Amino acid sequence: MKLHLSFSLFLPLLLLAAPSFAGDLLVEIKGIRSSDGRIFAAVHQRVPDVNFPDPGGAVCAFNVLAREGSIQVVFKELPPGDYAVTAYHDENNSGEIDRNALGIPTEGYGFGNDAMGFMAPPKFEDTAVTLAEGEESVTAWATLKY
């Protein structure tokens with residue numbers, strides 16, 4: 001009885017301390033036009049005082065050898081929340097996205113949900129997917145534009 005009473009006193013504290021259920025985020029980058037160079041991508045969360053797609057909001061990133069068509073990467077056990085994807089194809093391995101004289105990218109780039117901004121990157125809300133509490137996985141994608 002005493003053990004039961006002690007356990008019942010601590011049970012609410014254990015429930016409060018329990019972490020949120022984690023899920024997987026599958027990131028798919030589509031529309032890769034060649035196997036030259038590398039694909040760079042980042043997964044962002046909303047961060048106060050950080051403008052999307054500033055790297056300060058990136059919670060994880062990857063770069064892989066490019067492969068014509070599409071690639072997929074899975075991030076395991078992320079906490080519930082909103083996640084946005086940015087990606088680009090560094091075809092010439094310069095380590096950055098090349099731009100023309102007007103600042104327009106000359107290498108492939110994309111944002112989650114195929115969102116596009118006008119004269120600026122799209123808003124976080126337009127690019128994000130939600131990994132809900134208790135959800136096992138969610139897919140975020142971006143199709144590269146050249």
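This report walks through the largest pocket, the aromatic pairs and the surroundings of T127 in a predicted model.

**The largest pocket**

Let's start with the open space. The largest pocket holds about 700 Å³. Its lining is made up of 26 residues, and those closest to the pocket centre are R99, P105, Y109, F111 and P121. If you like to think in chemical classes, the lining counts 20 nonpolar, 5 polar and 1 charged residues.

Which strands each supply at least two residues of that lining? They are strand 2 (38-44), strand 5 (81-90) and strand 6 (109-111). Strand 2 gives the largest share, with 4 residues.

**Aromatic pairs**

Next come the rings. The model has 5 aromatic pairs, and two of them are set out here.

| Pair | Centre to centre | Angle between planes | Type |
|---|---|---|---|
| F62 and F75 | 5.9 Å | 45 degrees | tilted |
| Y109 and F111 | 6.4 Å | 75 degrees | edge-to-face |

Why is the pair of F62 and F75 called tilted? The planes of F62 and F75 stand at 45 degrees, and an angle that is neither under 30 degrees nor over 60 counts as tilted. F62 sits in strand 3 (residues 58-65) and F75 in strand 4 (residues 69-78), so this pair ties together parts that are 13 residues apart in sequence. Both F62 and F75 are buried.

The edge-to-face pair of Y109 and F111 brings us back to the pocket, since Y109 and F111 are among the lining residues closest to its centre. Ring pairs also join Y109 and F111 with F52 and F124 in a cluster. Is F111 buried or exposed? F111 has 11% relative accessibility and therefore counts as buried; the cut-off for buried is under 20%.

**Around T127**

Finally, have a look at T127, which belongs to helix 2 (residues 124-127). T127 has a relative accessibility of 0%, so it counts as buried. A polar atom of the T127 side chain lies 2.9 Å from the backbone oxygen of F124, and F124 is a member of the ring cluster described above.

What does T127 touch, leaving aside its neighbours within four places in sequence? The contacts of T127 are F52, Y83, A84, V85, F111, G112, N113, A115 and P122. Among them, F52 and F111 are also part of the ring cluster.

Key
Residues are numbered from 1 along each chain as its sequence is written. This is a predicted model: local features need pLDDT of at least 70, side-chain atom pairs count only at pLDDT 80 or more; totals for chains, interfaces and linings use all residues. Side-chain values use heavy atoms; hydrogens and water are left out. On a 1 Å grid over the protein atoms alone, a cavity is a set of points where a 1.4 Å probe fits but cannot get out, and a pocket is an open set with protein on both sides within 12 Å along at least five of seven lines; lining residues have an atom within 4 Å of a point. Grid points are joined across faces, edges and corners, and a volume is the space filled by probe spheres set on the points. Ala, Val, Leu, Ile, Met, Phe, Trp, Tyr, Cys and Pro count as nonpolar, Asp, Glu, Lys and Arg as charged, and the others, Gly among them, as polar. Rings of Phe, Tyr and Trp (its six-membered ring) pair if their centres lie within 6.5 Å; planes under 30 degrees apart count as stacked, over 60 as edge-to-face and the rest as tilted. Buried means under 20% relative accessible area, exposed over 50%, partly exposed in between (1.4 Å probe, protein chains only). A polar contact is a pair of N or O atoms within 3.5 Å; within protein, one must be able to donate a hydrogen and the other to accept it, and residues adjacent in sequence count only if both atoms are side-chain atoms. Contact means heavy atoms within 4.5 Å.
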